[in-house]
Amino acid sequence: MNRDYATYALRRVLQAIVVILLAYVFTFVVISVLPGDPVSAVLNNPQNAFTQDQIRDIIAYYGLDQPVYVQLWESLSRFVTGDLGLSLRTHLPVSRMIGEVLPSTLALAAAALAVALVLALAIALGTRYLPRRYGQGVLRAFPSLFLSMPNFVIGLVLIQVFAFQLGLFRVIDSEGSWATFFAAVALGIPVSAQVAEVLVANLDHESRQDYAFLARSRGLGKTRLFLRHLLKPSALPVVTVLALVVGELLGGAVITEQIFGRTGIGSLVQRSVTAQDLPVLQVVVSLAAVAFVVVNLLADLVYPLLDPRVRLLPERRRAEVAA
């Protein structure tokens, strides 16, 4: 069984590497075929104050005087070795610029994911244990309500209520613990809707299975039934959803950071778009693709631990089991 899992994991890792490389190539090609040669426009813009020597060095570094396929090879080679290039706006290494803002974005995304999981689990538990009037009616409507609320609207409401009226945090102190918490709430509420919908639906399905009726007939309590028998099989589709909402977390973090005035990837992207700093934008897009692929890879590796049948089934049957 361990050998089967190792083969399965190796195949998934190789597929992830190929996807990451293809995503980088696609991003490079899209930027390279943009009309108007934006790189040359940035270099020749008098407001950027590039000297002729600096322009020659940048052209030589990026191989802008070489054919596109040579530029692609050199760029891809640098990316694989961890050299993310230089910013056209600040002349600083892109890795340094991203390293300064990435921890703030990761902290926000992780906190938002924790908020989403807590809300989803609370909703799922409520539908199982609260009286039918509340558990089956009010709580089951929450995911649809959360999904219909954009995170920027939630963020503005939280700032108005908890910053301006209650004074729990200051807008100018955007990196404080309370500010981070409310930013995570604004980002995590829409994400929790998708997790809660899938978790509740699968708990309903599993609770109707024969083994659940048998456990209840033997006098097993609701809590033990939930934790020992219902939660684990219901978690497999939730892992799938969590892997898919990574893109929503990253995209939502960009907007949420702007609303709460946080310094993160969102502010870096905004400055880079304004200045047409294409090396920074290419790296940000590529790293977002890497994050998405890595999270989905981790989900694929977790599937067999939750359900050992997954790695033994062909691809089309694996999808049916995960559903």
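In the predicted model, Phe142 and Phe146 both belong to helix α6, which spans residues 132-147, and because they are four residues apart in this helix, about one helical turn separates them. The two residues differ in how much of their surface can be reached: Phe142 counts as partly exposed because its relative accessibility is 30%, whereas Phe146, with a relative accessibility of 13%, falls under the 20% limit and therefore counts as buried.

The search for aromatic pairs, carried out over the whole structure, finds six of them. In one of these, the ring centres of Phe142 and Phe146 lie 5.7 Å apart and the ring planes meet at 45°, so the pair is classed as tilted. A pair of aromatic rings is described by two quantities, namely the distance of the centres and the angle of the planes. For Phe181 and Phe182 the centres are 5.2 Å apart and the planes stand at 70°, an angle over the limit of 60 degrees, so this pair is edge-to-face. Of these two residues, Phe181 counts as partly exposed because its relative accessibility is 40%, while Phe182, at 5%, counts as buried. Phe181 and Phe182 also belong, together with Phe162 and Trp178, to one aromatic cluster.

A nonpolar patch is found on the surface, with an area of about 500 Å², and the residues that make it are Leu10, Val13, Leu14, Ile17, Leu21 and Val80. The most is given to this patch by helix α1, which covers residues 2-32 and supplies five residues. Leu10, one of the patch residues, is located in helix α1, and because its relative accessibility is 52%, a value over the 50% limit, Leu10 counts as exposed.

Buried positions were also examined in two further helices. Helix α5 extends over residues 94-129 and includes Thr127, which counts as buried because its relative accessibility is 3%. The side chain of Thr127 comes to 2.6 Å from the backbone oxygen of Ala124. In helix α12, which is formed by residues 265-275, the buried residues are Ile265, Gly266, Ser267, Leu268, Val269 and Ser272. After helix α12 comes Gln276, a residue whose phi is positive, with a value near 55°.

How values were computed
Residues are numbered from 1 along each chain as its sequence is written. This is a predicted model: local features need pLDDT of at least 70, side-chain atom pairs count only at pLDDT 80 or more; totals for chains, interfaces and linings use all residues. Side-chain values use heavy atoms; hydrogens and water are left out. Patches are made of residues with over 30% relative accessible area and no salt bridge: like charges are joined within 9 Å, nonpolar side chains (Val, Leu, Ile, Met, Phe, Trp, Tyr) within 5 Å. Accessible areas come from the Shrake-Rupley method with a 1.4 Å probe; for residues, only the protein chains shown count as cover. A salt bridge is a side-chain nitrogen of Lys or Arg within 4 Å of a carboxyl oxygen of Asp or Glu. Helices (H or I, at least four residues) and strands (E, at least two) are DSSP runs, numbered from the N terminus. Buried means under 20% relative accessible area, exposed over 50%, partly exposed in between (1.4 Å probe, protein chains only). Rings of Phe, Tyr and Trp (its six-membered ring) pair if their centres lie within 6.5 Å; planes under 30 degrees apart count as stacked, over 60 as edge-to-face and the rest as tilted. A polar contact is a pair of N or O atoms within 3.5 Å; within protein, one must be able to donate a hydrogen and the other to accept it, and residues adjacent in sequence count only if both atoms are side-chain atoms.
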